[in-house]
Amino acid sequence: MALKGISFDVRKGEILGIAGVSGNGQKELEDVICGVRIPRNGKFFLEGKDITGKSPKEIIKMGVGRIPEDRMEDGLILDIPVLENLVIEYYDKVPYSKGALIDYSKIEEVAKKLVKEYNIKISSVYDITRTLSGGNLQKVILARVLSQQPKMIIASQPTRGLDIGATEYMHEKLLHAKTKGSAVMLISEDLNEIIHLSDRILVMYEGGIMGIIDRECEQVDIETIGLMMAGSLKREVKGGSN
Amino acid sequence: MSSFLTLPFWIGFLAATVRVATPLILATLGETFSERSGVLNLGIEGIMMFGAFAGFITVYLTKNLWLGVTLASLSGLLFGLFMAFLTVTLGLNQHVSGLGITIFATGLTYYFYRAIIGSPTVPPTITPFTAISIPLLSKIPIIGPVLFNQTIITYFALIAVPISGYLLFKTNFGLSIRSVGENPEAADAVGVNVYKIRYISLMIAGALMGLSGAFFTLAEFNMFLYDIVGGRGWVSIALVIFANWVPAKVFWGALLFGGIDAIGLRLQGTSISVPFQVYLMLPYVLTILVLIISARRASAPSALLKPYRRE
Amino acid sequence: MGLISVKLEKRNTPPVWFQIFAPFIAILISLAISSIFLLILKKNPFTAFYYMFVGAVGSKFALLEMLVKASPLILTGIAVAFAFTAKYWNIGAEGQLYAGALAATWFGLMKLPFSPVVYVLVIIVAGIVAGAIWSFIPGYLKAKLKVDDVVTTLLMNYVMIYIVSALLNGPWRDPVTMYPSSPSIAPNAYFPKLIPQSRLHLGIIISLLAVAFMWFIIKKTKLGFEIRATGASSRASNFLGINTVKSIIIVSIISGGIAGLAGVGEVAGVQYHLIQTISPGYGYSGIVIAMLGRLNPIGILLAAIYFAMVITGANVMSYNLHIPIYISDVIQGITLIVMLMMLLLFEYRIKIGRGK
């Protein structure tokens, strides 16, 4: 699926929901923002800085927190201990590393704090990540991302396959991140989730935008969103990109 | 140097190419079956080694070439079965399993050869397969002496190419092999027994590899040498990639490699300034170059290296 | 299929005692299986293994000889383990060893006016660089161009062995004996002996340093973490910001360099000249050792010593009982496979029952 003529912005302190039937370009959008796919044309700006086509490392450094759709394949390395997964996006920075050396006592300390704070159920931070349940795996990613107070968060299908408790936890944390000033982009197939959390809702269809609904200006109408998701209703989209 | 220009030289060269390509065709076809079903078989070198030994020792003891060929193939089939147990039933790492089989089979080969033959100064010989001229066909100019004046194993290899292609791409059985190599879950869902298909593929592969090894001792040479396979198994792994897992292309790849080998054999001794080892290493260097070129367009079966575990 | 059904149930990390004892159990099982091949030749396995054991550690001389063999095995084991940790499938330690031996010989034959300390350092560096280059090529090809590393590393073994053969049958052929072996290297490039009147040389210390080096890199450095992460999941590592291309290339250089060192030791510590059979497959044994040692430096040290015992002991056993020396290769192959099966028990509980 190719992305065509997409242009939108995510603002500080809001959740922008991206709705759409799976396979309409959401994954591609996620990949571009996460830095694992380089768009042929088009730009991606963060606070006015062009970060199109940067490597994942640079994008992480710019303050983008990524909760990927494929948490088992992309978001975590399953065969290493939990504590390493908790810091993997910034293990090379002080205080976790100094020069070429890595400081596991510091990492363990932080990891224990995160495990407690995010209520991750494990017997030891040295547990192999693979042994965790789905909900706890997602919490590891969440802890890693939120502990950095990212400027922007992209969460793709963050609650897919999770039980009710873990889902509610995720929702709570995303709302909390928003109030702390992060710009949150929520890609989800679950329309209820989108409506429940989003300040604005963007509907994607065949790689393009069918319209953006700003909940401050209008009532959310499931029927309208449904029509847009099916590609039978298209609205003018104004605004630049962020 | 004028001999380079004569027709007999070229006919001799091409016939040698086909001869040298024979074990590569067999082994590479075998590996193609294996990989098409989703299993990389690095046991290939060892299985060929053991096939070379099993074929030789059988003929040495019984004077029966056909029994030699049969037992060599059977030994390969059994190693294939063992590989299947390790990688399909147990789902072990395919790289390490294959290397384990190669080290084990090579060790066994040396062990039993030494136990039975000892270490005489001149290795014992057998009477190998001789070339069979096929009536009429061998009379065709150029093609006749190149293709139709070979040993029975070469004929088998030549026939095995279209048969393998037909099997893999035109039959239900081939469709099953390819589907368990691409998407075992989906294949399982439509009722294909993933384990069974992989077992059968690995056994076919092993038998072809064993036969390939026997060619060295029963047709190309008439004795067993410790380095007789000399990395041809590894070359076959590269040829599978070069051939993009398609039997017809395996044939051309093997001929290309066989040609380089045959050139080397012919050029040895023609030049004093170039050591003959340069010609010997040429095929390996060429294989690496071919791999580099084919790496970009290579599309291995999607489930290659991935064990399948039914939940 | 069949009469027996094997069911695997996922389990958590097994207890530590099991992790530590697994290799020992693997050794016992593999010796039991190897016995079958001794019985086929109508040899008593117990007598055979007794001779093997005595031949390896039965006297001071045997013990020292065993350590002489252990040193290249430790190095190739560490070399392979480094590579496998990143899932860089370096099956080319054999060729890299020969590259190191070739470079050491080359510099050793120059008869440079160096003091022994400097000269030994020079050939060590030369050997590391040569091995590293020979491994860097397939490493780079894998990381940048996705060229299958198993095949390239394997094929490059043959290329290197032919290069060595060309040199030994050409410019380096011993002018006196006309044997395909190089002249002796400069005596001031010899590795010093650790114990007088034995063959134990500096190499064993270098090997122990390599063990420490691996432990330090893997456990204590950012690079070590990157190598482990790349090996555990290259895709996730990429997503999470680890430069997997860089990890693979660096690991290929380290791995080849260490394998090259093994070649230096054989030339400067044992043979003092280059011969075609400078390695009886130490590079391939390195694979078995790395796996038996579970890619852990200390485990590799122990595994290498075990196989040094097997190889040294097999000589004595062979001599006394007329058992082909290749029994040590058989044992290596079986051990590799058995150990691999043991590793399955780390991840799964196995339930064997009647087929459906």
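Colleague: How many residues does each chain bring to the contact of chain C with chain B?

Modeller: In this predicted model, the contact takes 41 residues from chain C and 41 residues from chain B. On the side of chain C that touches chain B, two or more residues each come from strand S1 (4-10) and from helices H5 (116-145), H6 (149-169), H11 (282-292) and H13 (327-347) of chain C.

Colleague: What is that side of chain C made of, by class?

Modeller: It has 32 nonpolar, 6 polar and 3 charged residues.

Colleague: Turning to chain B, why is helix H2(B) described as largely enclosed by the rest of the structure?

Modeller: A residue counts as buried if 20 or more other C-beta atoms lie within 10 Å of its own, and 16 of the 19 residues of H2(B) are buried, so the helix is largely enclosed.

Colleague: How do you know that the span of H2(B), residues 44-62, is close to the expected one?

Modeller: From its first C-alpha to its last the helix reaches 26 Å, against the 27 Å expected at 1.5 Å a residue. H2(B) is followed by Lys63(B), whose phi is positive, near 65°.

Colleague: What makes H2(B) oblique to helix H10(B)?

Modeller: The two helices pack at an angle of about 135°, with their axes 7 Å apart. Angles of 65 to 115 degrees count as roughly perpendicular and those over 145 as roughly antiparallel, and therefore H2(B) is oblique to H10(B).

Colleague: Which residues make this contact?

Modeller: Ile44(B), Glu45(B) and Met48(B) of H2(B) meet Arg232(B), Gly233(B), Trp234(B), Ser236(B) and Ile237(B) of H10(B), and by class the contact has 4 nonpolar, 2 polar and 2 charged residues.

How values were computed: Residues are numbered from 1 along each chain as its sequence is written. Chains are lettered from A and ligands numbered from 1 in the order in which they are written. This is a predicted model: local features need pLDDT of at least 70, side-chain atom pairs count only at pLDDT 80 or more; totals for chains, interfaces and linings use all residues. Helices (H or I, at least four residues) and strands (E, at least two) are DSSP runs, numbered from the N terminus. The expected span of a helix is 1.5 Å times one less than its number of residues. A residue is buried if 20 or more other C-beta atoms lie within 10 Å of its own, exposed if 12 or fewer, and partly exposed in between; C-beta atoms are placed from the backbone. Two residues are in contact if their C-beta atoms, placed from the backbone, lie within 7 Å. Ala, Val, Leu, Ile, Met, Phe, Trp, Tyr, Cys and Pro count as nonpolar, Asp, Glu, Lys and Arg as charged, and the others, Gly among them, as polar. Axes are lines fitted to C-alpha atoms, for helices over the stretch in contact, and angles run from 0 to 180 degrees between N-to-C directions. Angles under 35 degrees count as roughly parallel, over 145 as roughly antiparallel, 65 to 115 as roughly perpendicular and the rest as oblique.
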